[in-house]
Every structure is written in C-alpha cells, then in structure tokens.
Amino acid sequence: MRQTKQRQVILDTLHQHTDHPGADVIYAEVRKVLPRISLGTVYRNLELLSEAGIILKLSGKDGQKRFDPVVSQHPHFRCVKCGAIEDLPFDIDSVVSSGTMNQWAGDRKVEGITLEYTGLCAKCNGSGSV
Ligand SMILES: [Zn+2]
Ligand SMILES: [Zn+2]
C-alpha cells in the first residue's frame, strides 16, 4: 500500500485513540493538521487501511463504523447505553494457543476467537441520573 501523507496523519490520529472513534471524530482531528482534507478522503483511507489489515473496522451503535488501531485479537466491551467501545486487558492469543476454549471446536481448526462483553460502561454505570 502506498503511504500518502494524508494516510499517515489519519493513522497517527487513530493511534492516539483507545476509544474506537468513528470517521467523523478522526476527520475533526485530522483537519487540524490538514485543513483541506475532506470527510470522504478520511473515510476512504480508513476503509483502505482496514482492508489492508492495518487497522480494524468495527460496527458501532446504529451501524456507524468505528475504527481500532489495535489489530491483535482483543475483546471489546460495548456499552449498551452510550455505545462506547472499550478494550479489555484480556489476552485472547494466549487463550487460543493454550487450547482452553478450543475444546468445543471438535475437528475444526481454531484460528481466532471474537469475544465481546456488553453492559454498562463505568460512566453509565456510575451515573444514576440520565
Ligand atoms: Zn456508557
Ligand atoms: Zn479495540
């Protein structure tokens, strides 16, 4: 993949996030560095980066695309109230290689496990008022 300046800025911006931002959030920040970039360009680059396996694409609340700079397998916690997506410190690769969760797979070859927790994030869980 040809590395353009735009793409590098987009990637750098995403790497500053652990909250799996959508294209609009990335766009707002990239524009501070590259004022003439368009949302379409940001979006297209994010799509290309995810197709190339450099970043991960997730679907967020209401089908909105969210992006993750962490491509190693890791579980997400998804807040059912505010739609926040957070990373959990849980090493899926070690679980896959240890075989603990592979016992149900039978003769199938397990190459990965997608694990997602759902519930209320700390913020939503803590605030009793809406
Ligand atoms: Zn929440
Ligand atoms: Zn993540």
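**Exercise 1. Confidence**

Which element of the protein chain has the lowest mean pLDDT, and which the highest?

Solution. The model is predicted, so each part comes with a confidence value, the pLDDT. Step one: among the elements, helix α4 (residues 92-98) has the lowest mean pLDDT, 79. Step two: the highest, 97, belongs to α2. Step three: for the protein chain the mean pLDDT is 90, and 96% of its residues reach 70 or more. As a rule of reading, where pLDDT is low, the predicted coordinates should not be read in detail.

**Exercise 2. A helix pair**

Describe how α2 and α3 pack, and state which residues make the contact.

Solution. Step one: helix α2 (residues 23-33) packs against helix α3 (residues 39-51) at an angle of about 120°, and their axes are 9 Å apart. Step two: α2 is therefore oblique to α3, since 65 to 115 degrees would count as roughly perpendicular and over 145 as roughly antiparallel. Step three: the crossing of α2 past α3 is right-handed. Step four: α2 contributes A23, I26, Y27 and V30 to the contact, and α3 contributes L39, V42, Y43 and L46. Step five: by class, the contact of α2 with α3 has 8 nonpolar residues, no polar and no charged.

**Exercise 3. Two domains**

Find the domains of the protein chain and describe their contact.

Solution. Step one: the domain assignment gives domain 1 (5-68) and domain 2 (76-126). Step two: the C-alpha centres of domain 1 and domain 2 lie 23 Å apart. Step three: domain 1 gives 7 residues to the contact and domain 2 gives 4 residues. Step four: on the side of domain 1 that touches domain 2, there are 1 nonpolar, 3 polar and 3 charged residues.

Terms used
Residues numbered from 1 in each chain as written. Chains lettered and ligands numbered in written order. Predicted model: local features only at pLDDT ≥ 70, side-chain atom pairs only at ≥ 80, totals over all residues. Axes fitted to C-alpha atoms, helices over the stretch in contact; angles between N-to-C directions. Helix = DSSP H or I, 4+ residues; strand = E, 2+ residues; numbered from the N terminus. Parallel < 35°, antiparallel > 145°, perpendicular 65-115°, else oblique. Left-handed = near helix turned anticlockwise from the far one by under 90°. Nonpolar A, V, L, I, M, F, W, Y, C, P; charged D, E, K, R; others polar. pLDDT = per-residue confidence, 0-100. Domains from an automatic or database assignment.
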